[in-house]
Amino acid sequence: MSETTVTTPEGPAEAVPHHVADDVTDESGQTARSVLRRLRSPRRPRLWFEILLIAVSYWTYSLIRNAVPEQKAEALRNADWIWKAEQQLGIAVEQSVNHAANAVTWLIVGMNYYYATLHFVVTLGVLVWLYRSHPGRYAATRLVLFATTGVALVGYYLYPLAPPRLMTGGGFIDTVLVHQTWGSMASGDLKNMSNQYAAMPSMHIGWSLWCGVTIFALTRVPWVRVLGLVYPAATLVVIVATANHFWLDAVGGVLCLGFGYTVARAWYGALPHALPRLVHQPAAAPHRSALEPTKA
């Protein structure tokens, strides 16, 4: 078969053959990029989907966390190592804080209930606030929380750790048992409902710091921003005073949160607070009949 030529003012030139496969490949690539761009673009959250997603996610988190082998002997060895490491670093003050708080009944009882309730109440409250007031930032901020919690599960599996109150000869006080309050799923009658050796990292710190950063970054009311900073700081004092965590467990929670923000930044191309507050829906395309010329 002879090659096709095209006559130009400068003379005959060979035509570049056109391959249909190139068009198909280009179109499929554009489609893939379009789908990816659409998935990464902030969209208005749907209430029913968010309720279902959060419920299923928390159920899955609890199931996996409690399915991790408790490995009591290893968890106690790790607790001894953490305690000795903190002593060498000069930050092993958990026992002093625990005993001082336990000496003030109204204070430690309040801390027990703080530990048991605000972890969930405040986190859900911030999610609801984001949903209502910052729909454009909701999905990205929620992704931070989910990624933080997901990587924490890896920590529970790889590094079982007993909380201070369960250490052998540690001298710590289990404040829930002493004051007979409902303050921990791993104490008293509820201890069989939760893995007692999943203390590293602390999600009380991971979640409370997520709440604090979110509130501080997105609100403009000064006293609310201050509360955003106070909440994770108060949570740190509570988890130590109730002997549920070491200081280093809190460091683990901070590192998990950093991972969560990294995931959200990689997916959305910006940190959650830098995304648009509102989601602007694209205008609906005009109906086909409106585009057709009117016949005389």
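How much accessible surface does the protein have, and what percentage of it belongs to carbon and sulfur atoms? I looked this up before anything else. The total comes to about 17500 Å², and carbon and sulfur atoms hold 65% of that surface. Note to self: this is a predicted model, and I should read every entry below with that in mind.

**Overall layout**

I went through the secondary structure next. I find eleven helices and two strands. Along the sequence the pattern reads β-β-α-α-α-α-α-α-α-α-α-α-α, so I have the two strands ahead of the helices in my sketch. The chain has 296 residues, and 39% of them count as buried. I also checked how far along the chain the contacts reach. Among contacts with a separation of 6 or more, 82% link residues 24 or more positions apart.

**Helix H8**

I picked H8, residues 203-218, for a length check. With 16 residues at 1.5 Å each, H8 should span 22 Å. I get 22 Å between its end C-alpha atoms, which agrees.

Is H8 largely enclosed or not, and why? Twelve of its 16 residues are buried, so I wrote it down as largely enclosed by the rest of the structure. The buried set includes Trp207, Trp210, Cys211 and Leu218. Met203, His204, Ile205 and Gly206 are on that list too. At the start of the helix, I see a side-chain oxygen of Ser202 coming to within 3.4 Å of the backbone nitrogen of His204.

**Cysteines**

How many disulfides are there? The count is zero. A disulfide would be a covalent bond between the sulfur atoms of two cysteines. I still looked at the surroundings of two cysteines. Cys211 has 0% relative accessibility and counts as buried. Cys256 is also buried, at 9% relative accessible area.

**The salt bridge**

The count here comes to one salt bridge. Which residues form it? Asp174 pairs with Arg165, and their closest N and O atoms are 3.5 Å apart. I then asked whether each partner is buried or exposed. Asp174 has a relative accessible area of 11%, so I log it as buried. Arg165 is at 10%, so it counts as buried too.

**Thr242**

Arg165 turned up again when I looked at Thr242, which touches it. Thr242 is in the loop between helix H9 (222-241) and H10. At 2% relative accessibility, Thr242 counts as buried.

What does the side chain of Thr242 reach? I find the backbone oxygen of Val238 at 2.8 Å. The side chain of Thr242 also makes a polar contact with the side chain of Asn244, at 2.8 Å. Leaving out residues up to four places away in sequence, Thr242 touches Asn98, Ile108, Met111, Asn112, Tyr115, Arg165, Ile173 and Thr175.

**Pro276**

Last stop was Pro276. Where is it? Pro276 is in the loop between helix H10 (247-268) and helix H11 (288-291). I checked it against Pro135, 141 residues away along the chain, and the two C-alpha atoms are separated by 8.7 Å. With residues up to four places away in sequence not counted, Pro276 touches Gly136 and Arg137.

Terms used
Residues are numbered from 1 along each chain as its sequence is written. This is a predicted model: local features need pLDDT of at least 70, side-chain atom pairs count only at pLDDT 80 or more; totals for chains, interfaces and linings use all residues. Side-chain values use heavy atoms; hydrogens and water are left out. A disulfide is a pair of cysteine sulfur atoms within 2.5 Å. Buried means under 20% relative accessible area, exposed over 50%, partly exposed in between (1.4 Å probe, protein chains only). Helices (H or I, at least four residues) and strands (E, at least two) are DSSP runs, numbered from the N terminus. Contact means heavy atoms within 4.5 Å. A salt bridge is a side-chain nitrogen of Lys or Arg within 4 Å of a carboxyl oxygen of Asp or Glu. The expected span of a helix is 1.5 Å times one less than its number of residues. A polar contact is a pair of N or O atoms within 3.5 Å; within protein, one must be able to donate a hydrogen and the other to accept it, and residues adjacent in sequence count only if both atoms are side-chain atoms. Accessible areas come from the Shrake-Rupley method with a 1.4 Å probe; for residues, only the protein chains shown count as cover.
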